[in-house]
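Colleague: I am new to this structure and would like a close look at one part of it. Please take a single aromatic residue, describe its ring and its partner, and then work outwards to what lies around them.

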Amino acid sequence: MDNFFQRAFSVVKQIPKGRVSTYGQIAHMIGEPRKARYVGFAMHQSPGVAGGVPCHRVVFKDGSLAPGFAFGGPDAQRELLEAEGVRFLENGKVDMKHFLWEA
């Protein structure tokens, strides 16, 4: 599983500031299209931004954010994304039409 995590981390490190990717998109990019949930596990275990893995840039395909515990509070991921210029829709989801990373 470590190799899977490392491959996921490698792709996530490529997501530009101000863009987001999805768990499924990352899984597809590492050749594991049916393992989006495992990408979520990897992001939960990542060293985080300080470790060079901007896991806050990975969201659900509908633009929803990770549960609050994942980043230390319910608004932490949103605050990190907003600081990078990512905008949200009225329903609280990322505006995927404008901020989805097209690798």
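Modeller: Phe 60 has a relative accessibility of 37%, so this residue counts as partly exposed, because that class runs between 20% and 50%. The model is a predicted one. Phe 60 sits in the loop between strand S2, residues 58–59, and helix H4, residues 76–83.

The ring partner of Phe 60 is Tyr 23. In general, two numbers describe such a pair of aromatic rings: how far apart the centres are, and the angle of the planes. For Tyr 23 and Phe 60 the centres are 5.1 Å apart and the planes stand at 55 degrees. Planes under 30 degrees apart would count as stacked and over 60 as edge-to-face, so this pair is tilted. The search of the whole structure finds five aromatic pairs.

Tyr 23 belongs to helix H2, which covers residues 23–29. Since Phe 60 lies in the loop after S2, the pair ties together parts that are 37 residues apart in sequence. The partners also fall into separate accessibility classes: Tyr 23 is at 11% and therefore buried, whereas Phe 60, at 37%, is partly exposed.

What else does Tyr 23 touch, leaving aside its neighbours within four places in sequence? The contacts are Ala 36, Val 39, Gly 40, Met 43, Val 58, Val 59, Phe 60 and Ala 66. For Gly 40 there is also a backbone figure: its C-alpha atom is 6.4 Å from that of Tyr 23, although 17 residues separate them along the chain.

Tyr 23 and Phe 60 also take part in the lining of the largest pocket. That pocket has a volume of about 410 Å³. Its lining consists of 22 residues, and those nearest the centre are Tyr 23, Gly 40, Phe 41, Phe 60 and Ala 66. H2, S2 and helix H3, residues 36–45, each supply at least two residues of the lining. The most comes from H3, which gives six. By type, the lining divides into 14 nonpolar residues, six polar and two charged.

Phe 41 leads on to another group of rings. Ring pairs join it with Phe 4, Phe 5, Phe 9 and Tyr 38 in a cluster. Over the face of Tyr 38 lies Lys 35, at 5.6 Å from the ring centre. A similar arrangement involves Arg 78, which lies over the face of Phe 88 at 4.1 Å from the ring centre.

Phe 9, from that cluster, is touched by Pro 47, which also touches Val 53 when residues up to four places away are not counted. Pro 47 is in the loop between H3 and S2 and is partly exposed, with a relative accessible area of 48%. Between Pro 47 and Phe 9 there are 9.3 Å from C-alpha to C-alpha, at 38 residues apart in sequence.

Two of the residues that Tyr 23 touches, Met 43 and Val 58, are also contacts of Val 12, along with Ile 26, Val 53, Pro 54 and Cys 55. Val 12 is part of helix H1, residues 2–12, and is buried at 0% relative accessibility.

Val 58 and Val 59 are likewise touched by Ser 21, whose other contacts beyond four places in sequence are Ile 15, Ile 26, Arg 57, Leu 100 and Trp 101. Ser 21 is in strand S1, residues 21–22. Its relative accessibility is 0%, so Ser 21 too counts as buried.

Technical notes. Residues are numbered from 1 along each chain as its sequence is written. This is a predicted model: local features need pLDDT of at least 70, side-chain atom pairs count only at pLDDT 80 or more; totals for chains, interfaces and linings use all residues. Side-chain values use heavy atoms; hydrogens and water are left out. Rings of Phe, Tyr and Trp (its six-membered ring) pair if their centres lie within 6.5 Å; planes under 30 degrees apart count as stacked, over 60 as edge-to-face and the rest as tilted. Helices (H or I, at least four residues) and strands (E, at least two) are DSSP runs, numbered from the N terminus. Buried means under 20% relative accessible area, exposed over 50%, partly exposed in between (1.4 Å probe, protein chains only). A charge sits over a ring if NZ of Lys or CZ of Arg is within 6 Å of the ring centre and within 35 degrees of the ring normal. Contact means heavy atoms within 4.5 Å. On a 1 Å grid over the protein atoms alone, a cavity is a set of points where a 1.4 Å probe fits but cannot get out, and a pocket is an open set with protein on both sides within 12 Å along at least five of seven lines; lining residues have an atom within 4 Å of a point. Grid points are joined across faces, edges and corners, and a volume is the space filled by probe spheres set on the points. Ala, Val, Leu, Ile, Met, Phe, Trp, Tyr, Cys and Pro count as nonpolar, Asp, Glu, Lys and Arg as charged, and the others, Gly among them, as polar.
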